[in-house]
Amino acid sequence: MELTRIHNLSLAYINTFALRCAVELDISGRIQAYGCPMPLRELARSIPIPPEKDSMLGRLMRLLVHQGIFAKSEDGYQLTPASELLLTDGSNMGTYVRLFTQPQLIKDWGQLSEVFKDTGNCTLFEKMFYGKKVWELLKDKPEQGNLLNEAMASQSNLIMRRLVADFSNIFDGLNSLVDVGGGTGTAVKIIAEAFPRLRCTLFDLPHVVENALKSDTESFDVVGGDMFQKIPPADAIFLKKVLHDWDDEDCVQILKRCKEALESSKNGRKVIVVDIVIGLESNDPKTTETSLIFDISMMGLFGSKERNKQEWHDIILDAGYSGYKIYPAQLGVNSVIELYP
Ligand SMILES: C[S@@+](CC[C@H](N)C(=O)[O-])C[C@H]1O[C@@H](n2cnc3c(N)ncnc32)[C@H](O)[C@@H]1O
């Protein structure tokens, strides 16, 4: 049992690359297009791969079926809720898989132990990319930036539809909202469509908001800027998957700018944070595992972290807020936190 655990963890990257392979071969799209359970031979011809490699494909599918990514009946392979997420005309989480399994991004995780030995504060990402921070590098590499925006957007679609349906009450009584670090606007668009009377604004770095689709921006305003400097005034500030990119000191600065933005609005009510809260009683073991993996990922990429209740408490109060409420939501692994000025 313990030996199996070590085997599985040592070779966990095989799962990673089996999933990437399924995305690159668009196996979900092929099964969807086939319209009924798809036999191995049909799947192989549709890619197409040489017939002598059919059995290799069968072995790849055997692992992916075992992982719950696909299902198999006597008649052939079928989609599961997990592989449905990969469909390009659906959630398109394949983009997310492509982003986080890029060989150039993961090759240097092998140097993680070096980061512990270093005396400086250099993150693993800075070691890999010649001292550059993530957002600096993405500015110079638009194709990587676009992939990140697309990956975040595909995840946003899933989380946001659930948020506006299950947590509509958190938007009650608000006249205006700014989505800070809102990327290219997927989340703010969903909020604006769900609550048409709410005046919504997308706020992100100038080169990022440039990519907000023109057709989308009819339902919301767009402002480019730096959240460490000034955030446009609004009744609510929305921060989804932003604070986990920053260390405590930076988070306190961002939250102070958010508070100033609320105080500049006549009806300033709250900051709405969507992020992971580690260790909530309601978290199941899988959610906890995912949160802990994200935490190490944040450590390597940004020198930042996922936070437990106490860590959220500390930065919220340090930034001068009078109180907060955690909704242990099951938005993927994310919860909602409301902060009151
Ligand atoms: C992890 S992404 C989250 C995007 C979006 N909120 C979502 O959930 O899909 C973090 C965002 O913060 C933005 N960002 C980074 N530094 C910023 C700054 N100084 N001012 C405003 N936005 C910033 C990035 O451009 C990026 O879009």
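These are my notebook entries on a predicted model of a protein with a bound ligand.

**Entry 1. Overall fold**

I began with the secondary structure and found 17 helices and 11 strands in the protein. The radius of gyration is 22 Å, close to the 20 Å that the globule rule gives for 341 residues, so I noted the protein as being as compact as a globular protein of that length. I then took the extent of the C-alpha trace along its principal axes, which is about 70 × 50 × 40 Å.

For burial, I recorded that 47% of the 341 residues count as buried. The exposed area of the protein is about 17,500 Å², of which carbon and sulfur atoms supply 54%. I also looked up how contacts are distributed along the sequence. Among those between residues at least 6 apart, 62% join residues at least 24 apart.

**Entry 2. The ligand site**

Which residues come nearest to the ligand? I listed Gly181, Asp204, Asp226, Met227 and Lys240, out of 17 residues around the ligand. By class, the shell divides into seven nonpolar, five polar and five charged residues.

I next went through polar atom pairs at the ligand. A polar backbone atom of glycine 181 is 2.7 Å from a nitrogen atom of the ligand. In the side chain of aspartate 204, an N or O atom is 2.7 Å from an oxygen atom of the ligand. Serine 156 has a polar side-chain atom 3.4 Å from a ligand oxygen atom. How much of the ligand's accessible area does the protein cover? On its own the ligand has 600 Å² of accessible area, and the protein covers 95% of that.

**Entry 3. Threonine 201**

I located threonine 201 in strand S4, which runs over residues 199-204. Is threonine 201 buried or exposed? Its relative accessible area is 11%, which is under the 20% limit, so I entered threonine 201 as buried. Setting aside residues up to four places away in sequence, threonine 201 touches Leu177, Val178, Asp179, Val188, Asp221 and Val223.

**Entry 4. Glutamate 126 and methionine 298**

Glutamate 126 is in helix H10, residues 124-128. I noted that glutamate 126 counts as buried because its relative accessibility, 12%, is under 20%. Beyond its neighbours within four places in sequence, glutamate 126 is in contact with Asn121, Gly131, Lys132 and Lys133.

Methionine 298 belongs to helix H16, residues 285-302. At 5% relative accessibility, methionine 298 also counts as buried. I checked the contacts of methionine 298 outside four places in sequence and found His244, Asp245, Gly303, Ser304, Lys305 and Glu306. I also took one C-alpha separation here: methionine 298 and phenylalanine 125 are 173 residues apart along the chain, and their C-alpha atoms are separated by 9.9 Å.

**Entry 5. Alanine 33**

Alanine 33 sits in helix H3, residues 27-34. With a relative accessible area of 66%, alanine 33 lies over the 50% limit and is therefore exposed. What is the C-alpha separation of alanine 33 and isoleucine 14? I recorded 27 Å for this pair, whose members are 19 residues apart along the chain.

**Entry 6. Backbone exceptions**

I then turned to the backbone geometry. Most residues other than glycine have a negative phi, and most peptide bonds are trans. I noted three departures, as follows.

- The peptide bond from isoleucine 47 to proline 48 is cis, with omega near -10°. Proline 48 lies in the loop between helix H4 (40-46) and helix H5 (54-66).
- Aspartate 26 is not a glycine, yet has a positive phi of about 50°. I placed aspartate 26 in the loop between helix H2 (12-24) and H3. The relative accessible area of aspartate 26 is 31%, which falls between the 20% and 50% limits, so I entered aspartate 26 as partly exposed.
- Lysine 241, likewise a residue other than glycine, has a positive phi near 55°. I found lysine 241 in the loop between strand S6 (236-240) and helix H15 (248-263). With a relative accessible area of 6%, lysine 241 is buried.

Key: Residues are numbered from 1 along each chain as its sequence is written. This is a predicted model: local features need pLDDT of at least 70, side-chain atom pairs count only at pLDDT 80 or more; totals for chains, interfaces and linings use all residues. Side-chain values use heavy atoms; hydrogens and water are left out. A residue is near a molecule or strand if one of its heavy atoms lies within 4 Å of it. A polar contact is a pair of N or O atoms within 3.5 Å; within protein, one must be able to donate a hydrogen and the other to accept it, and residues adjacent in sequence count only if both atoms are side-chain atoms. Accessible areas come from the Shrake-Rupley method with a 1.4 Å probe; for residues, only the protein chains shown count as cover. Ala, Val, Leu, Ile, Met, Phe, Trp, Tyr, Cys and Pro count as nonpolar, Asp, Glu, Lys and Arg as charged, and the others, Gly among them, as polar. Helices (H or I, at least four residues) and strands (E, at least two) are DSSP runs, numbered from the N terminus. The radius of gyration is taken over C-alpha atoms; the globule rule is 2.2 Å times the number of residues to the power 0.38. Buried means under 20% relative accessible area, exposed over 50%, partly exposed in between (1.4 Å probe, protein chains only). Contact means heavy atoms within 4.5 Å.
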